[in-house]
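Let's work through some exercises on a protein model together. Take a look at the sequence and the structure first, then follow each solution step by step.

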Amino acid sequence: MRAARLIKMVLLLQSRPSMTAAELASELEVSERTVTRDAQALSEAGVPVYADRGRIGGYRLIGGYRTRLTGLARGEAEALFLSGVPGALREMGLEDAASAARLKVSAALLPSLRDASRTAAQRFHLDAPNWFREPTTPELLPAVAEAVWDDRRITARYRRGEDLVERELEPYGLVLKAGVWYLCARVSGQGAFRVYRIDRFAAVEAGGERFERSADFDLPAFWGERAEEFARSLLRAEVVVRLSEEGVRRLPHVVDPRAAREALERAGVVAGAGEWVRVTLPVESEEVAHEQLSALGAEVEVLAPASLRERFAVGAARLAGLYGV
């Protein structure tokens, strides 16, 4: 356990000019006192860790010290080669760079581990697009990706409804969601971050000016919040239903899972009660609710709105006619 932590500490210090004890403690999930002891242990082992004293002091490696990747276990080496997404890298125009990086990493590994990339690729593959959807790569994606990597401002024209809107953007990060590429960026001079679909860009021009990236921006956290907000924004209507015990169990599998769980909690539904329960459920629209709730068959009864109940009644009558009931 400690050996793995010491290796991680060396790699952290290799990647940055210096780090404070507090920063190292946070990264390693230990106390600052443990960081001090670990730094002493590394120094005694011949790793040139130097401690700068004072208010802005910290730990750093001296003499250009570098460690080779000879301490990796097989599982760690294979996991390293799983960290890339080949299809996404190809679409961003980074396939050659990624290939070169993998070759360099392979060369630095022990001979017994140099087949890690092959064994990982044989066992795991990420297929990001949805089923029954032909994936398309936005033509302007490589240009946007290059600007993201370089922290370079771009002038983008994108389609908003029937209009073309031009904005100067600071491109912070790219997200591939179910086969669709999104750009997380903020308009230059404004503090709010926004999300843009790359396939709606009509033109992108990278300028010569770089922007200063905000140290507080966390791409996974930002995307998680926006994705949740977007999902909730779609649920603009409500339906009232009665559910059997089986209907309660299956509801999160046919509608938005979070909305289903929250609706069941508000209704005070107890799993396994064996009774029909009344639930008010947020939905995207009456049409979508009909399509989704139809999957529950006789395990759900729509109570409101009346128009949706009538739609189910008509559908039930048609089914009864088809099957001669």
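**Exercise 1: A helix on a three-stranded sheet**

Helix H12 (residues 286-293) lies across E8, E9 and E10, and runs at about 25° to E8. Before we go on, note that this is a predicted model, in which local features need pLDDT of at least 70, side-chain atom pairs count only at pLDDT 80 or more, and totals for chains, interfaces and linings use all residues. Residues are numbered from 1 along each chain as its sequence is written, and side-chain values use heavy atoms, with hydrogens and water left out.

*Task.* In what order do the three strands of the open sheet stand, and which are the edge strands?

*Solution.*
- Step 1: Know the terms. Helices (H or I, at least four residues) and strands (E, at least two) are DSSP runs, numbered from the N terminus. Two strands pair if DSSP finds at least two bridges between them.
- Step 2: Read the order. The three strands form an open sheet as E9-E8-E10, with antiparallel pairing.
- Step 3: Find the edges. Strand E9 (277-283) and strand E10 (300-304) each pair on one side only.
- Step 4: Look at one pairing. Strand E8 (residues 237-243) is joined to E10 by four bridges, and the two run antiparallel. Here Arg-242 stands opposite Glu-301 in E10.
- Step 5: Add another helix. Helix H13 (residues 306-322) packs on the sheet and touches E8 and E10, and its direction makes about 145° with that of E10. Such angles run from 0 to 180 degrees between N-to-C directions, with axes as lines fitted to C-alpha atoms, for helices over the stretch in contact.

**Exercise 2: A loop residue**

*Task.* Is Val-255 buried or exposed, and which residues is Val-255 in contact with, leaving aside its neighbours within four places in sequence?

*Solution.*
- Step 1: Locate it. Val-255 is in the loop between helix H10 (245-254) and helix H11 (257-266).
- Step 2: Apply the cut-offs. Buried means under 20% relative accessible area, exposed over 50%, and partly exposed in between (1.4 Å probe, protein chains only). Val-255 has a relative accessible area of 8%, so Val-255 is buried.
- Step 3: List the contacts (heavy atoms within 4.5 Å). Setting aside neighbours within four places in sequence, Val-255 touches Ala-260, Leu-281, Gln-292 and Leu-293.
- Step 4: Compare sequence and space. Val-255 and Val-283 are 28 residues apart in sequence, and their C-alpha atoms are 7.9 Å apart.

**Exercise 3: Charged pairs**

*Task.* Which parts does the salt bridge between Asp-151 and Arg-213 tie together?

*Solution.*
- Step 1: Recall the idea. Side chains of opposite charge can pair when their charged atoms come close. A salt bridge is a side-chain nitrogen of Lys or Arg within 4 Å of a carboxyl oxygen of Asp or Glu.
- Step 2: Check the distance. The side chains of Asp-151 and Arg-213 meet at 3.0 Å, N to O.
- Step 3: Place both residues. Asp-151 is in the loop between H8 and E3 and Arg-213 in the loop between E7 and H9, so the pair ties together parts 62 residues apart in sequence.
- Step 4: Try another pair. Arg-153 and Glu-209 form a salt bridge (2.9 Å, N to O). Arg-153 lies in strand E3 and Glu-209 in strand E7, so this pair links parts that are 56 residues apart in sequence.
- Step 5: Return to Glu-301. Its side chain meets that of Arg-309 in a salt bridge (2.9 Å, N to O), and Glu-301 is partly exposed at 25% relative accessible area.
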